[in-house]
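Work through the exercises below with the sequence and the 3D view open. Try each task before reading its solution.

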Amino acid sequence: MFGWLSEVIAVRRIVAVSDEHLWVLSTLALSTMVQEAMAIWWGTDPTPFPRVIPQDFAGAFDQKFWLPLILAILMAVGLEQFYRHSMIGKLFIAMSEDSFAARARGVATDRMRSLSYMLAGTLGALSGFAAGQLTFADFALGTALGLSGFIALAVGGIGSSVGALVGGAILGMMTSLTAHYFGAEYQKTIAIGLLILLLVVRPQGLFGTTQVRQV
Amino acid sequence: MSNIRPLTAVLGRRQLVAGAVGLASGLTMPAIAQNKPIRMGWIAAVSGMFASNAQAQDWGFRMAVADLNEQGGLLGRKIEIIMRDSAADPSKAVSFAKELVYNENIDVLCGPINSGEALPTLGIVSGAKKLHLIGGSVEELINPIKYPLGFRNLNANGQWIKVGVKFMVEDLKKTRIAIINDNTGYGVLSRDSVTRSLATHNLKPVYTATVDPNKPDVTDELLKAKEAGADVITEWSNATGFVARLVNARGEQNWNVPIVGHPTILQEQVAKLLTKRSYWDNVYGVGYQHEIVDAQGKLPPGVQAFMDKHKDTIAPYMAAGLPAFLQAHAAVTIYAAGLTKAGDTDPFKVKEALESIPVIDAPYGKFIYTPTDHNGFQDDGIKLVNANAQLPNGGYPPVKILTIKPGGCNLAAGDCQRTGAWRPLWHDGTCLQRDVFDLKSAEFWHRPVRNGRRHLHRLAGAGPALAALAWVSRLLGLGRGVRLAQRSDRGAAHRRGIR
């Protein structure tokens, strides 16, 4: 629901009147407003997150460790299947490659865009439920997780769900190794620096493909 | 005929009138100044990141001023508060400091109340030659040569660390200390400060970890500390989520090593994030003498009187803890003491007065300022408290560390009965071995008669034999029930002040 609302508020009108990527700024502005509102309503301290599955033990088999992993894999596999085997998934890919061409072929691009935001909102909510036990419910979490998500996506290759998973794993490993060998003060600088290096060498990411456009 | 000429002939009527007006106004000026209220500038971030603590401080400040005004004010003048909300934004704090010292013509500035905001305001307030009561704990905020009118109205961060380290080494008798801090500037500075403080006890940390406060799990760091042989963990972070993850990770590892750390660890907010509240048992945070209750559960008289007087409005601010509102109260108390002694609002006279008062006894604690030290707060005002022992009045019982010495017990019989931790049956002159206590004690205290194990208590006197029995039963897997009871009751043991 919120995914759809953000499309209506921050994207639809801007995309209709401008060909530029101004919607990136408007969604960023909306997310900042929402974050501030959360801080005002619920406070700036993290709040506890309930168990998704009832559990009365703790340890290595705690759901807070395996739930996010399983869900991430399920979501990645599900998205791949959705893109490959469903008509709406194929329309999503068509729109991401060239929305004008898709519209010319009769695709209801506005509706597809709304659907894509709804899907994004659903996946975000599921991820929140899976990770909430580890991260707690914190108003400022979006920025930290969002940055990590972008890096993982860029490493894995934009458009590849499996790539995003692998990218996330690489980022996590690099961050942990950096913290271990050099200290956590430098973990972000070194991890992101190495990622930039990787992207310079392979700009399309590990699983991305170079798009050739016929002219 | 008299030679005396009328004044009108000498000065002229207009000059006389002007002179009379001038004389009258000159005579009344001191009277007007006497009636003018004392203007206290007050900057607190009552909105934004630190809002809950700042709102409690704001309440404490206003109540302290209201109490003084009720008694007739200071030097016979009422006190007026000119308050600005910096919203935890240093740039706003700077603008408000400028406005207050230059436009609002305040007599003293109290706040900002966190170090990040206070640091950039120092030069402004010092340049305007206004008295400044600084509410941040970072060491760099106080420098009597650079900022001669700046006085701190709480403890410095180094004092927390010094007292915390002393507690671990001298009270808990721990020597293998692991430091876990977050990677913020504060966390890294505190880590270095702890390391220096340990060096004064000829100790080095056995393990040090600087961790991203957003890291979702710190089990890895904790296991490394365990492998390094740590017997106590000290954490320095003010991120509640990070601190809670650390306490959770320790609880989930069933590693009941004490955690000693920053006052954040005492916040109820941390307890809410714990998987089990019992994980909070063996956790000690830096608190204050003004939070320590007596045997009747009463807070120190000054604190209790203040809370009783304002009991109708205090409720929303109790969650932030007593130190929050008492800290702001201290700012008012300190200024009042200096002003009363100086008898004048001139900041340099108040400064000299503050430096010459032997002790300023605020409910927050004792302050002693000298010309070379404007920190004031005394180390003995800081006390470590057990996180899970907070009472409804916001106070804590004093931490009682009882050591069961091998072959001897240092508890008096009265102590045993009063705390309820030790049954008189137990304490019949026999003494426990430390190993026996560690392995079995919880089971013994809790159900000594009901489960028909009275004979085991008699065995307690035969410490080594029981220890051997316990080890054998554990090896054979027979002690599961005992261990379960021990696990479930370990929290109760610590609440009763026994390690």
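The exercises that follow use a predicted model.

**Exercise 1. The interface**

Task: Describe the contact between chain B and chain A, from its extent down to its salt bridge.

Solution.
Step 1. Count the residues. On chain B, 24 residues are in contact with 21 residues of chain A.
Step 2. Take the area. The two chains bury about 1800 Å² between them, and 53% of it lies on carbon and sulfur atoms.
Step 3. Look for charged pairs. The rule finds one salt bridge across the interface of chain B and chain A. A:Lys64 and B:Glu252 form a salt bridge through their side chains, at 3.3 Å from N to O. The cut-off for such a pair is 4 Å.
Step 4. Add the polar contacts. Between chain B and chain A, four residue pairs are in polar contact, both residues at pLDDT 80 or more.
Step 5. Assign the surface of chain B to its elements. Those giving two or more residues to the side that touches chain A are helix 7 (185-199), strand 7 (207-211), helix 8 (219-227), helix 9 (240-252) and helix 10 (268-272) of chain B. Helix 9 of chain B gives the most, with six residues.
Step 6. Sort by class. The side of chain B that touches chain A has seven nonpolar, 10 polar and seven charged residues.

**Exercise 2. The parallel sheet**

Task: Trace the five-strand sheet of chain B and find what packs on it.

Solution.
Step 1. Write the order. The five strands run 2-1-3-4-5 in an open sheet with parallel pairing.
Step 2. Find the edges. Strand 2 (79-85) and strand 5 (150-152) of chain B each have a single partner strand, so one side of each lacks a neighbour in the sheet.
Step 3. Check the twist. Neighbouring strands of this sheet are turned by 20° against each other on average, direction ignored.
Step 4. Inspect one pair. Strand 1 (residues 38-44) and strand 2 of chain B are joined in the parallel sense by seven bridges. B:Ile38 has B:Ile79 as its bridge partner in strand 2 of chain B.
Step 5. Place the helices. Helix 3 (residues 51-70) of chain B packs on the sheet and touches strand 1, strand 2 and strand 3 (108-110). The direction of helix 3 makes about 170° with that of strand 2 of chain B. Helix 5 (residues 115-127) of chain B also packs on the sheet, touching strand 3 and strand 4 (131-134).

**Exercise 3. Two backbone details**

Task: Which residues does a cis peptide bond join, and where is B:Leu75?

Solution.
Step 1. Most residues other than glycine have a negative phi, and most peptide bonds are trans.
Step 2. B:Gly111 and B:Pro112 are joined by a cis peptide bond, with omega about -5°. B:Pro112 sits in the loop between strand 3 and helix 5 of chain B.
Step 3. B:Leu75 has a positive phi of about 55°. B:Leu75 is in the loop between helix 3 and strand 2 of chain B.

**Exercise 4. The mixed sheet**

Task: Trace the six-strand sheet of chain B.

Solution.
Step 1. The order is 7-6-8-9-10-13, in an open sheet with mixed pairing.
Step 2. Strand 7 and strand 13 (382-386) of chain B stand at the edges, each with a single partner strand.
Step 3. The twist averages 25° from one strand to the next.
Step 4. Strand 9 (residues 259-261) and strand 10 (residues 283-288) of chain B run parallel, joined by three bridges. B:Ile259 stands opposite B:Val283.
Step 5. Helix 7 of chain B packs on the sheet, touching strand 6 (177-182), strand 7 and strand 8 (232-236).

Notes. Residues are numbered from 1 along each chain as its sequence is written. Chains are lettered from A and ligands numbered from 1 in the order in which they are written. This is a predicted model: local features need pLDDT of at least 70, side-chain atom pairs count only at pLDDT 80 or more; totals for chains, interfaces and linings use all residues. Side-chain values use heavy atoms; hydrogens and water are left out. Contact means heavy atoms within 4.5 Å. Buried area is the accessible area (1.4 Å probe) that two parts lose on being put together, summed over both. A polar contact is a pair of N or O atoms within 3.5 Å; within protein, one must be able to donate a hydrogen and the other to accept it, and residues adjacent in sequence count only if both atoms are side-chain atoms. Helices (H or I, at least four residues) and strands (E, at least two) are DSSP runs, numbered from the N terminus. Ala, Val, Leu, Ile, Met, Phe, Trp, Tyr, Cys and Pro count as nonpolar, Asp, Glu, Lys and Arg as charged, and the others, Gly among them, as polar. Two strands pair if DSSP finds at least two bridges between them. Axes are lines fitted to C-alpha atoms, for helices over the stretch in contact, and angles run from 0 to 180 degrees between N-to-C directions.
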